[in-house]
Amino acid sequence: MRILSLISELFSEKKCFSCRKLGHFFCPKCLDDIEFYKPYCYLCKKPSDQFYTHKDCIPHFPLRQVIVLTRYRHPGIKKLLRHAKYYGKYQWYKDLTKWWKNFFQDNVISKNSIFTPIPTPLMRRWKRGYNQTQKIAEYLSDIVDIPVNNRALKRWIYSKQQSHLSQSERKKNLEGSFHVIKNSLSKDTTIYLIDDIVSTWSTLLEATKILKKWWFTDIRAIVLASD
Ligand SMILES: [Zn+2]
Ligand SMILES: [Zn+2]
């Protein structure tokens with residue numbers, strides 16, 4: 001798989017997802033169509049500076065900030081994220097994060113922060129040859145100068161693929177699926193969980209729950225697309 005993805009990397013040329021024009025994943029014209037989120041609170045969806053969770057919303061939602069770049073339902077974004085995740089085209093994340101360098105730099109707090117990619121189950125990582133959230137974290141790390149730490153949060157080996165499950169099944173499937181391994185991080189470290197797509201909050205909440213059990217207090221997230 002690793003070799004296959006390297007080969008596809010070498011031979012694939014950039015083509016606009018929407019209009020098939022060569023040279024860009026999104027040509028400037030199609031880029032104009034993409035709707036970007038104005039900073040809002042992830043719980044109540046009302047505007048909030050730098051995507052912070054409102055004070056009144058925090059008791060119902062433990063992440064202090066959830067930065068969401070764009071909407072998954074845009075056909076071009078959907079395609080880009082699917083190919084980057086399943087077909088070895090993870091370098092497309094690089095373009096995506098680089099284009100919106102200012103967006104990330106404006107919204108991310110870099111002091112005493114780490115990027116923690118949401119771990120994928122081991123079997124799936126083997127099949128694909130990479131963890132897509134790790135790739136996103138690495139590209140983000142290049143533009144905002146926050147180290148990637150993928151050692152603290154781990155996933156137990158077995159868990160079913162979330163996308164085939166109903167919302168209540170997802171929640172059940174996720175319960176207890178993460179664990180934290182002993183680490184030397186200080187408890188006031190700002191932890192940014194990194195994920196590609198979020199359709200329900202269950203994964204972020206489950207990861208947050210386990211980190212809070214380990215006395216980490218400042219948990220946030222960066223997500224490329226949400227519906
Ligand atoms: Zn285009
Ligand atoms: Zn709110």
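Let us start at Lys111, which sits in the loop between α5 (101-107) and β2. Is Lys111 buried or exposed? Its relative accessibility is 71%, so Lys111 counts as exposed, since anything over 50% falls in that class. Lys111 also gives a good first look at how a chain folds back on itself: Thr190 is 79 residues away from Lys111 in sequence, yet their C-alpha atoms are 8.0 Å apart in space. Keep in mind as you look around that this is a predicted model.

Before following the chain onward, take in the whole. The chain holds nine helices and six strands. Of its 227 residues, 51% are buried. The accessible surface comes to about 12,300 Å², and carbon and sulfur atoms account for 54% of that surface. Now think back to Lys111 and Thr190. Among contacts between residues at least 6 apart in sequence, 71% join residues at least 24 apart.

How confident is the predictor? The mean pLDDT of the chain is 85, and 90% of the residues reach 70 or more. Among the elements, helix α1 (residues 2-11) has the lowest mean pLDDT, 54, while β2 has the highest, 96. Where pLDDT is low, the predicted coordinates should not be read in detail.

With that in mind, let us step from Lys111 into strand β2, residues 113-117. Which way do its side chains point? Ser113, Phe115 and Pro117 point one way from β2, and Ile114 and Thr116 point the other way. This is a textbook pattern to recognise: in a regular strand the side chains alternate between the two faces of the sheet. In β2 the residues pointing in either direction are buried. Because five of its five residues are buried, β2 is largely enclosed by the rest of the structure.

What lies alongside β2? Strand β5 (residues 190-198) pairs with β2 in the parallel sense, over five bridges. You can find individual partners across this pairing: Ile114 stands opposite Ile191 in β5, and Phe115 stands opposite Tyr192. Strand β5 has another parallel partner as well, strand β6 (residues 218-226), to which eight bridges join it. Here Ile194 has Ile222 in β6 as its bridge partner. Is β5 enclosed in the way β2 is? Eight of the nine residues of β5 are buried, so this strand too is largely enclosed by the rest of the structure.

Next, visit a helix. Leu80 has its place in helix α3, residues 75-86. With a relative accessible area of 1%, Leu80 is buried. Which residues does Leu80 touch, leaving aside those up to four places away in sequence? They are Phe17, Phe25, Phe26, Trp92 and Leu96. One of these contacts, Leu96, is 16 residues from Leu80 along the chain, and the C-alpha atoms of the two are separated by 9.3 Å.

Now turn to the zinc ion (ligand 2). Which residues hold it? The ion is coordinated by Cys41 (SG), Cys44 (SG), His54 (ND1) and Cys57 (SG), at 2.2 to 2.3 Å. The four donor atoms subtend angles of 94 to 120° around the zinc ion, which makes the arrangement tetrahedral. Read along the sequence, the donor residues follow the spacing C-x2-C-x9-H-x2-C. Cys41 and Cys57 both lie in the loop between α2 (28-31) and β1 (65-71), so this pair ties together parts that are 16 residues apart in sequence. Cys41 counts as buried because its relative accessibility is 0%, and Cys57 counts as buried at 10%.

Finally, look at two residues with a backbone angle worth a second glance. Gln50 is found in the loop between α2 and β1. Its phi is near 55°, a positive value in a residue other than glycine. Gln50 is partly exposed, with a relative accessible area of 24%. Arg20, in the loop between α1 and α2, also has a positive phi, about 70°, although it is not a glycine. With a relative accessible area of 44%, Arg20 is partly exposed.

Key. Residues numbered from 1 in each chain as written. Chains lettered and ligands numbered in written order. Predicted model: local features only at pLDDT ≥ 70, side-chain atom pairs only at ≥ 80, totals over all residues. Heavy atoms only, no water. Buried < 20%, exposed > 50% of the residue type's maximum accessible area, 1.4 Å probe, protein only. Helix = DSSP H or I, 4+ residues; strand = E, 2+ residues; numbered from the N terminus. Pairing = 2+ DSSP bridges. Donors = N, O, S within 2.8 Å, 3.2 Å for Na, K, Ca; no water. Tetrahedral: all angles 85-135°; square planar, octahedral: opposite > 155°, others 65-115°. Contact = heavy atoms within 4.5 Å. Areas by Shrake-Rupley, 256 points an atom, 1.4 Å probe, with all protein chains shown as cover. pLDDT = per-residue confidence, 0-100.
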